[in-house]
Amino acid sequence: MLTPLSLTEEENIDEDPSDGFYTPIRGSRGQLIRDEQTVNVFLLALLSAITAATVPFHTRWLAERNAMVFQKNVQYVARTDGHLRKKNGQSSCLIEVKPRPRRRPNDVSIRVQESAQMAAWISQHGVKSHDPEKDCSIFLLSQDEDEIYLTFPHFTEAYGKDDKNMADLKDTDFLRMREYGPFFLQSKNDVRHVARFLHAYTLHVSRQ
């Protein structure tokens, strides 16, 4: 969810019927999902099942809607559907869910929203650069209907500078989102692969 920085808290309510909050939509495999909170509850239950027995309690996947402020040349507030809370209270991974699949023709709205959320997270946490080929500690976990995606940001130090001039950046400097998926919940192999990665990642974060 993205809202202009000038809006009040009462106005920052996601009431977009296209997100399935007020209009029931029928999924690609026949499911009827009325509210994205249904997807969020399922994803958090899955994450809990994967990590609860082996990860210390101070590191937990939570359904907290973090508000992240992006204040550069454009100002906005980005809210996610959850995050992985580290021992120090900071977020390590963002969660975004939708009650509909993202693989719809000419529909890039979900990816645009996730990119804006990641840009706000990078800005707020002061991350200077990130290359998922060398470090996969920052990513966005998404579930759209019954599809799971892992999306990793890639950007250079030129993009991460607080005083950067956007006009001076090269095409390769800008934030790029590398998306992996979909991993289908009906597939045992897909769920196994995702579960192994998320368990290892959560355990790693808990030891930092």
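**Exercise 1.** Determine what share of the contacts in the protein chain with a separation of 6 or more comes from residues 24 or more positions apart.

*Solution.* The model is predicted. Consider the contacts in the protein chain whose partners have a separation of 6 or more. Of these, 63% are between residues 24 or more positions apart. As for secondary structure, the protein chain has 4 helices and 11 strands.

**Exercise 2.** State how much of the protein chain is buried and which atoms contribute to its exposed area.

*Solution.* The protein chain has 208 residues, and 45% of them are buried. The area that the chain exposes is about 10,900 Å². Carbon and sulfur atoms account for 53% of that area.

**Exercise 3.** Explain why strand S6 is described as largely enclosed by the rest of the structure, and identify how S5 is joined to S6.

*Solution.* Strand S6 covers residues 75-79. Because 4 of its 5 residues are buried, the strand is largely enclosed by the rest of the structure. Strand S5, residues 67-71, runs antiparallel to S6, and 5 bridges join the two. At the level of single residues, Ala67 has Arg79 in S6 as its bridge partner.

**Exercise 4.** Decide whether Gln143 is buried or exposed, and list the residues it touches.

*Solution.* Gln143 belongs to strand S9, residues 139-144. Its relative accessible area is 2%. A residue counts as buried under 20%, so Gln143 is buried. Leaving aside residues up to four places away in sequence, Gln143 touches Val39, Phe42, Leu43, Glu96, Val97, Lys98, Ile148 and Leu185.

Technical notes
Residues are numbered from 1 along each chain as its sequence is written. This is a predicted model: local features need pLDDT of at least 70, side-chain atom pairs count only at pLDDT 80 or more; totals for chains, interfaces and linings use all residues. Side-chain values use heavy atoms; hydrogens and water are left out. Buried means under 20% relative accessible area, exposed over 50%, partly exposed in between (1.4 Å probe, protein chains only). Two strands pair if DSSP finds at least two bridges between them. Contact means heavy atoms within 4.5 Å. Accessible areas come from the Shrake-Rupley method with a 1.4 Å probe; for residues, only the protein chains shown count as cover.
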